Amino acid sequence: MRTVWLAAAVALGAAAQGQDTAAGKQEMQRGCVPCHSLRLVESQRLSAAAWSKELDKMERWGAIIKNRQALLDYLAQEYPDTKPVPKPERSGDGSK
Ligand code: HEC
């Protein structure tokens with residue numbers, strides 16, 4: 001019985017985390033596209049502190065961030081400086 005509760009708790013935790021990520025992603029898709037492509041954001045690999053500074057900078061440049069914590073959590077989780085830098089994407093041949 002205890003195992004069942006534990007599994008339920010883990011599942012709930014995972015669901016809650018998924019929701020947090022969704023909110024952050026949504027905030028990025030809303031707040032970060034008015035000025036540039038998300039490719040510019042998603043190709044970065046930064047620590048949480050560096051992401052926070054990046055958000056400050058974007059706000060100074062005019063970005064309107066409504067759900068900062070969710071966005072920061074999302075960026076720090078999905079694009080941390082511990083992840084390898086992606087290969088540069090090409091757009092010159094019109095395929096993207
Ligand atoms: C008001 C316009 C504006 C908005 C909104 C905006 N940015 Fe930017 N961002 C810029 C400009 C200008 C640059 C300079 C580089 C370029 O456009 O090529 C830039 C560049 C960047 C870079 C590349 C590194 C750097 O610092 O130059 C990152 C990462 C970035 N933005 C993240 C974000 C994120 C995350 C958001 C959403 C919260 C966001 N930006 C929203 C204007 C904006």
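Here is a short tour of a predicted model, from the ligand to the nonpolar core.

**Stop 1: the ligand.** Select the ligand and the 16 residues around it. Which of them come nearest? Look for Cys32, Cys35, Met58, Gly62 and Ala63. Now colour the shell by residue type, and you will find ten nonpolar residues, four polar and two charged.

**Stop 2: the helices beside the ligand.** Next, pick out helix H2 (38–42) and helix H3 (48–60), each of which supplies at least two residues of the shell. H3 gives the most, with four residues. Stay with H3 for a moment: the helix has 13 residues and reaches 18 Å from its first C-alpha to its last, close to the 18 Å expected at 1.5 Å a residue. Step just past the end of H3 and click on Gly62, where phi is positive, at about 120°. You have already met Gly62 among the residues that come nearest to the ligand.

**Stop 3: helix H4.** Move on to residues 68–78, where Ala70, Leu71, Tyr74 and Leu75 are buried. These four sit on the same side of H4, because they cover an arc of only 125° around the axis.

**Stop 4: the core.** Keep those four selected and add Met28, Cys32 and Trp51: together they make up the largest nonpolar core, seven residues in all. H4 brings the largest share of this core, four residues. Cys32 is worth a second look, as a member of this core that is also among the residues nearest the ligand.

**Last stop: Leu71.** Which residues does Leu71 touch, not counting those up to four places away in sequence? Show Gly24, Glu27, Met28, Leu55 and Ile65. Of these contacts, Met28 is a fellow member of the core.

Notes: Residues are numbered from 1 along each chain as its sequence is written. This is a predicted model: local features need pLDDT of at least 70, side-chain atom pairs count only at pLDDT 80 or more; totals for chains, interfaces and linings use all residues. A residue is buried if 20 or more other C-beta atoms lie within 10 Å of its own, exposed if 12 or fewer, and partly exposed in between; C-beta atoms are placed from the backbone. The arc is that of the directions from the helix axis to the C-beta atoms. A residue is near a molecule or strand if its C-beta atom, placed from the backbone, lies within 6 Å of it. Ala, Val, Leu, Ile, Met, Phe, Trp, Tyr, Cys and Pro count as nonpolar, Asp, Glu, Lys and Arg as charged, and the others, Gly among them, as polar. The expected span of a helix is 1.5 Å times one less than its number of residues. A nonpolar core is a set of buried Ala, Val, Leu, Ile, Met, Phe, Trp, Tyr and Cys residues joined through C-beta atoms within 7 Å. Two residues are in contact if their C-beta atoms, placed from the backbone, lie within 7 Å.
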